[in-house]
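Visitor: Please give me a close look at one helix-helix packing, and then set it beside the sheets.

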Amino acid sequence: MTTKHPIPFKVFFIVLFLQVFTYAQELAKVPAEQVGMSSDRLAYLTQTFQGYVDQNRLPGASILVARKGKIAYFETFGKNDIENNIPMTEGSIFRIASQTKAIVSVGVMILQERGKLLITDQVGKFMPAFQKTKVAVRKDDGGYDIVNAERAITIRDLLTHTSGVSYGSGISADLWEKAGIQGWYFADRKEPIQTTINRMGDLPFEAQPGEKFEYGYNTDILGALIEVVSGEPLDVFLKKNILDPLGMTDTHFYLPEAKRERLAVVYSPTENGLEPAPTPGGMVGQGAYVDGPRTSFSGGAGLLSTSMDYAKFLQMMLNNGTFNGNRVLSRKSVELMTVNHLGKAQFPWVGGTGFGLGFSVVEDLGNLGTLGSVGEYGWGGAYHSSYWVDPQEEMVVVYFTQLIPSGDIDDHGKLRALIYQAIVD
């Protein structure tokens, strides 16, 4: 005989193939009941969000819920483009704005893991413009003084939004306006991000380092820092170290021409219902993500993505740094990123919440007052998107729409309530 035991070998390779195939399909769709959720109860989620579309309160939306490494719910509603009757699909691409921050924050942690920096390092060690910063202090007469920062800002200050830098609309807004740096929108800029960020170093910040949570350009500065430390443009670094390993093939700062038709239209509520935001517009607008100069990479609000791509990123975090056999971060880095770092600086917007290294973190569920779990972390974006990771429930949620301003719609609260009520195990 030329071959011994052919059947066992065949069985072995079939089993091996199935194991590899199953692992590669980690975010495959399964019946909700398979992961401890009720499809009947999830129907309330579908009815509610279809209602928002039918009432002309949402143009379209995509909701993805993964639990225990499988997709229990992935539905789309409404239109990518109402005027041209293009439906929202699972492949629709969204401007994710501040959801960029989590990805860039992971990029910083990757550099720490490679010995290129420590998050306790002063930013000025790598970017001299930030070695000695200034702070604006309001006076009783309505004016302000400019004083020296009491200490140098650190990378950790930027990760936690405690550096004192705002989005340029605070005490010294006149100086930020004169410098041409206000608001989170960068896609129309013709100058590289390094040029913009270095000019920030000469402007007064809103608070002393470590004093308070001040939401602003922190992660844009981190994006520039990644470029300096890695020696690579931000888009190249993220693609090589995060996007490609996770299979995030539809996540870009500027959209390839071939994907133009998949980009969802941005809408704004008006007295006459939803209307397309201006083209290209600024912070309220379609943005220069296809036809713009493609020069400035905003680490704070610049990326475009799909629901599935972003779910892969979140699943990596839930998996303690790995996804489909690729390790992006160590378990210990994930642990550090997802605990509260604020100390005396209080999170200003809701109770029971702190802030880690790129994510808000739930610390007291009763104080927060909504369904969820202690240890849950997440954030959202200016176009009314949202996401969170719930380690206790082994769950990730991605909610994308393109609505700015959002008006008085209560979809975020309903989203949370209707997902958690569907957990039945």
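Guide: Helices H3 and H9 are oblique to each other, because their angle falls outside the classes of roughly parallel (under 35 degrees), roughly antiparallel (over 145) and roughly perpendicular (65 to 115). This is a predicted model, in which local features need pLDDT of at least 70 and side-chain atom pairs pLDDT 80 or more, while totals for chains, interfaces and linings use all residues. Residues are numbered from 1 along each chain as its sequence is written, and side-chain values use heavy atoms, without hydrogens or water.

H3 covers residues 100-113 and H9 residues 307-318; they pack at about 45 degrees, with axes 11 Å apart. Axes are lines fitted to C-alpha atoms, for helices over the stretch in contact, and the angles, from 0 to 180 degrees, are between N-to-C directions. The elements are DSSP runs numbered from the N terminus: helices (H or I) of at least four residues, strands (E) of at least two. The crossing of H3 past H9 is left-handed, meaning that the near helix is turned anticlockwise from the far one by less than a right angle. H3 contributes Ala102, Ile103 and Val106 to the contact, and H9 contributes Tyr310, Phe313, Met316 and Met317; contact means heavy atoms within 4.5 Å. Of these residues 7 are nonpolar, with no polar and no charged ones. Nonpolar here means Ala, Val, Leu, Ile, Met, Phe, Trp, Tyr, Cys and Pro; Asp, Glu, Lys and Arg are charged, and the others, Gly among them, polar.

Next, the sheets. An open, antiparallel sheet of 8 strands runs in the order E3-E2-E1-E17-E16-E15-E14-E13. Strands pair if DSSP finds at least two bridges between them. E3 (86-87) and E13 (353-355) are the edge strands, each pairing on one side only. Within the sheet, E1 (residues 60-67) and E17 (residues 395-400) are antiparallel over 6 bridges, and Leu64 has Val398 of E17 as its bridge partner. Helix H2 (residues 39-54) packs on this sheet, touching E1, E2 (70-81) and E17, with its direction at about 10 degrees to that of E2. Helix H12 (residues 411-420) lies across E1, E16 (386-390) and E17, at about 150 degrees to E17.

Another open sheet has 3 strands, ordered E6-E5-E7, with mixed pairing. E6 (144-148) and E7 (204-205) each have a single partner strand, so one side of each is left without a neighbour in the sheet. E5 (residues 134-138) pairs with E6 in the antiparallel sense over 5 bridges, where Ala136 is partnered by Ile146.
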